[in-house]
Amino acid sequence: MKFIYPAVIRKNDMGTYDAFFPDLECCQASGDTLEEAVDKANEAAYDWLYVELMEDEGVLPAVSDPEDMELMEGDVVRNIAVNIRFTEGWDE
């Protein structure tokens, strides 16, 4: 299944980038460059979504429209796509 959530990426005072997902509580990432922050955000979203979906009653939050987000000047919004494959009978 493919899931797409917007991430807000913001340059911090140290010149690196912080990413967060307004829809995924406590799902954050950071990177030295914008590209690295996007990659780390993808990993964080995958982990967050996977854990939520593996719970008995895993319910995913609605996806925010970037136009409805309160953004700061310089913020970058990127849609992060996560593919999660479910295989019947598979155990870790």
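This section describes the nonpolar core, a loop residue, a salt bridge and a surface patch in a predicted model.

The largest nonpolar core comprises 21 residues, of which Ile9, Phe21, Leu24, Leu49 and Ile80 touch the most other members. Two or more residues of this core are supplied by each of strand S1 (2–11), strand S2 (17–20), helix H1 (34–54) and strand S4 (76–83). Helix H1 provides the largest share, with eight residues. In soluble globular proteins, nonpolar side chains tend to be buried together. The surroundings of Leu24 illustrate how one core member is placed: when residues up to four places away in sequence are not counted, Leu24 touches Tyr5, Ala45, Trp48, Leu49 and Pro61. Leu49, one of these partners, is itself listed with Leu24 among the core residues that touch the most other members.

Outside the strands, Thr16 occupies the loop between S1 and S2. Thr16 has a relative accessible area of 19%, and because this value falls under the 20% limit, the residue is classed as buried. The side chain of Thr16 forms a polar contact with the side chain of Asn12, at 2.8 Å. Beyond its neighbours within four places in sequence, Thr16 is in contact with Arg10, Lys11, Gly31 and Asp32.

Arg10, one of the residues in contact with Thr16, also takes part in a salt bridge, its side chain meeting that of Asp75 at 2.8 Å from N to O. Arg10 belongs to strand S1 and Asp75 to the loop between H1 and S4, so the pair ties together parts that are 65 residues apart in sequence. The count of salt bridges in the model comes to one. In general, side chains of opposite charge can pair when their charged atoms come close. The two partners fall into separate accessibility classes: Arg10 is partly exposed, with a relative accessible area of 26%, whereas Asp75 counts as buried at 15% relative accessibility.

On the surface, Met1, Met54 and Phe86 form a nonpolar patch, and together these residues have about 330 Å² of accessible area. Met1 is located in the segment before S1. With a relative accessible area of 61%, Met1 is classed as exposed because the value is over 50%. Met1 in the patch is thus exposed, while Thr16 in the loop between S1 and S2 is buried.

Definitions and conventions:
Residues numbered from 1 in each chain as written. Predicted model: local features only at pLDDT ≥ 70, side-chain atom pairs only at ≥ 80, totals over all residues. Heavy atoms only, no water. Core = buried A, V, L, I, M, F, W, Y, C linked by side-chain atoms within 4.5 Å. Buried < 20%, exposed > 50% of the residue type's maximum accessible area, 1.4 Å probe, protein only. Helix = DSSP H or I, 4+ residues; strand = E, 2+ residues; numbered from the N terminus. Contact = heavy atoms within 4.5 Å. Polar contact = N/O pair within 3.5 Å; in protein donor to acceptor, adjacent residues only side chain to side chain. Patch = residues over 30% accessible without salt bridge, like charges linked within 9 Å, V, L, I, M, F, W, Y side chains within 5 Å. Areas by Shrake-Rupley, 256 points an atom, 1.4 Å probe, with all protein chains shown as cover. Salt bridge = Lys/Arg side-chain N within 4 Å of Asp/Glu carboxyl O.
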